Amino acid sequence: MAKNVKPILVECPRRLIEGFKREAKRVFPKETYALLIGFDEESPAGRRVSITEIHYPEDAERFCTTQRADWQDAWLVDAAEHAKEAGTELIGDIHSHPWTRAEWEAINGIPGRQMSEEDCDKFKWNRIAGICRVYETRTGKLRASVRFWPPLTPVKMRIT
Ligand SMILES: [Zn+2]
């Protein structure tokens with residue numbers, strides 16, 4: 001029988017979410033990427049992740065295109081150092097998935113905030129991930145929305 005697991009509680013101040021949404025809209029239709037900083041604690045009540053800061057790599061725009069956010073190891077090192085100085089830790093990452101009107105109309109519907117297969121393959125770590133979907137409405141406005149995903153455990157496949 002399937003074993004039940006407790007949900008992870010992710011707490012994030014609205015201003016941080018709004019800040020990321022603004023940045024994701026600013027660079028639209030390119031993706032953007034940032035690191036989540038705060039606390040990640042396990043207790044009998046369950047796992048609780050509190051985001052206290054979002055750390056934006058200075059040169060993120062250089063590595064982000066309309067198709068991908070090519071995160072750099074140096075960004076993680078920087079963010080982890082920054083977190084340590086603040087008495088916190090690196091607890092995850094967040095990136096945007098931009099959709100132009102033509103793109104989402106071509107797939108016949110506004111896309112969700114899911115991770116892509118590539119995202120899942122790339123980031124197998126015991127930390128949360130945020131996805132910010134940004135899409136262009138029929139009137140040309142940009143709408144953004146964020147959701148968080150649990151840590152990913154690598155799965156190796158063996159067909160027998
Ligand atoms: Zn992605």
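These legends walk through several close-up views of a predicted model. Residue numbers start from 1 in each chain and follow its sequence as written. Because the model is predicted, local features need pLDDT of at least 70 and side-chain atom pairs count only at pLDDT 80 or more, while totals for chains, interfaces and linings use all residues.

**View 1. The whole chain, with its five helices and six strands.** Helices (H or I, at least four residues) and strands (E, at least two) are DSSP runs, numbered from the N terminus. Along the sequence they follow the pattern β-α-β-β-α-α-β-α-α-β-β. The C-alpha atoms fill a box of roughly 50 × 50 × 30 Å along the principal axes. The radius of gyration, taken over C-alpha atoms, is 17 Å, which agrees with the value near 15 Å for a compact globule of 160 residues; that globule rule is 2.2 Å times the number of residues to the power 0.38. Contacts here are pairs of residues whose C-beta atoms, placed from the backbone, lie within 7 Å. Of those with a separation of 6 or more, 70% join residues 24 or more positions apart.

**View 2. The open sheet, in the order β1-β3-β2-β4-β5-β6.** Pairing in this six-stranded sheet is mixed, and two strands count as paired if DSSP finds at least two bridges between them. Why do β1 and β6 stand at the edges? Each has a single partner strand, so one side of each is left without a neighbour in the sheet. The twist averages 25 degrees from one strand to the next; axes are lines fitted to C-alpha atoms, for helices over the stretch in contact, and angles run from 0 to 180 degrees between N-to-C directions.

**View 3. Strand β3 and its partners β1 and β2.** Three bridges join β1 to β3 in parallel, with Val-10 opposite Val-49 of β3. Nine bridges join β2 to β3, which run antiparallel. These two strands form a hairpin with two residues between them, and here Ser-43 has Gly-46 as its bridge partner in β3.

**View 4. The hairpin of β5 and β6.** Strand β5 (residues 128–136) runs antiparallel to β6 (residues 142–149), and eight bridges join them. Look for Ile-131 opposite Arg-147 and Tyr-135 opposite Arg-143. Five residues lie between the strands, and Gly-140 takes a positive phi near 90 degrees.

**View 5. Helices α1 and α3 against the strands.** Helix α1 (residues 14–27) lies across β2, β3, β4, β5 and β6, at about 125 degrees to β6. Helix α3 (residues 73–85) packs on the sheet, touching β2, β3 and β4, and makes about 50 degrees with β2.

**View 6. Ala-34 and Leu-35, with their contacts.** Ala-34 lies in β2 (residues 33–43) and counts as buried, with 26 C-beta neighbours inside 10 Å. The cut-offs are 20 or more other C-beta atoms within 10 Å for buried and 12 or fewer for exposed, with partly exposed in between. Setting aside neighbours within four places in sequence, Ala-34 has contacts including Phe-20, Tyr-56 and Ile-94. On the same basis, the contacts of Leu-35 include Trp-75, Leu-76 and Ala-79.

**View 7. The largest nonpolar core, with 29 residues.** A nonpolar core is a set of buried Ala, Val, Leu, Ile, Met, Phe, Trp, Tyr and Cys residues joined through C-beta atoms within 7 Å. Phe-20, Leu-35, Leu-36, Ile-37, Ile-91 and Ile-94 touch the most other members. At least two residues each come from α1, β2, β3, α3, β4 and β5.

Conventions:
Two residues are in contact if their C-beta atoms, placed from the backbone, lie within 7 Å.
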